[in-house]
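Q: Could you show me how to read an annotated feature against a set of coordinates, going from the record to the geometry and then to a single residue?

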Amino acid sequence: MDIVVAITLFILALLIGVEVIGKVPATLHTPLMSGANSIHGIVIVGVVIVAAHATSPLAWVFIFLAAVLGTMNVVGGYVVTDRMLEMFKSDKSKKNEEAK
């Protein structure tokens, strides 16, 4: 029964994610990385909660994959957001930072 609940939650999350991202124009995907960071942070918290109750080796494999992929998305999101914010800094502020 637990596997049915897990699969149902996964499918519902997948459908909601596709619906939300599908409505966003491609030009806004990069600015939304900051919001995606918080969502992936929630995924990592969920992984920790699920790990507390995991008993099977297959569950541990999925826990590991979710933790690694979620962490990659959080770190990648911050890198992309930082690069995007660098593009909007004025030349004067860039020169001040380089002088320090």
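Q: Which residues does UniProt list for "transmembrane region"?
A: The unreviewed UniProt entry lists residues 32-51 and 58-80 under that name, and such annotations may be inferred rather than shown by experiment. The coordinates to set beside this record are themselves those of a predicted model.

Q: How much of the span 58-80 is helix, and how far apart are its end C-alpha atoms?
A: Residues 58-80 are 100% helix and 0% strand, and the end C-alpha atoms of this span lie 33 Å apart. Helix α3 covers residues 57-87, and its 31 residues reach 45 Å from the first C-alpha to the last, close to the 45 Å expected at 1.5 Å a residue.

Q: What pattern does the chain follow along the sequence?
A: Read in that direction, the pattern is α-α-α-α, with four helices and zero strands in the chain. Among contacts with a separation of 6 or more, 61% are between residues 24 or more positions apart.

Q: Which residues of α3 are buried?
A: Burial is read from relative accessible area, with under 20% counting as buried; in α3 the buried residues are I63, G70, V74, G77, T81 and M84. Over the whole chain, buried residues make up 10% of the 100 residues, while carbon and sulfur atoms supply 75% of the roughly 8100 Å² that the chain exposes.

Q: Why is A66 classed as partly exposed?
A: A66, which lies in helix α3, is partly exposed because its relative accessible area is 26%, and that class falls between the 20% and 50% cut-offs. A66 and V43 are 23 residues apart in sequence, and their C-alpha atoms are 7.7 Å apart in space.

Conventions. Residues are numbered from 1 along each chain as its sequence is written. This is a predicted model: local features need pLDDT of at least 70, side-chain atom pairs count only at pLDDT 80 or more; totals for chains, interfaces and linings use all residues. Side-chain values use heavy atoms; hydrogens and water are left out. Helices (H or I, at least four residues) and strands (E, at least two) are DSSP runs, numbered from the N terminus. Buried means under 20% relative accessible area, exposed over 50%, partly exposed in between (1.4 Å probe, protein chains only). Contact means heavy atoms within 4.5 Å. Accessible areas come from the Shrake-Rupley method with a 1.4 Å probe; for residues, only the protein chains shown count as cover. The expected span of a helix is 1.5 Å times one less than its number of residues.
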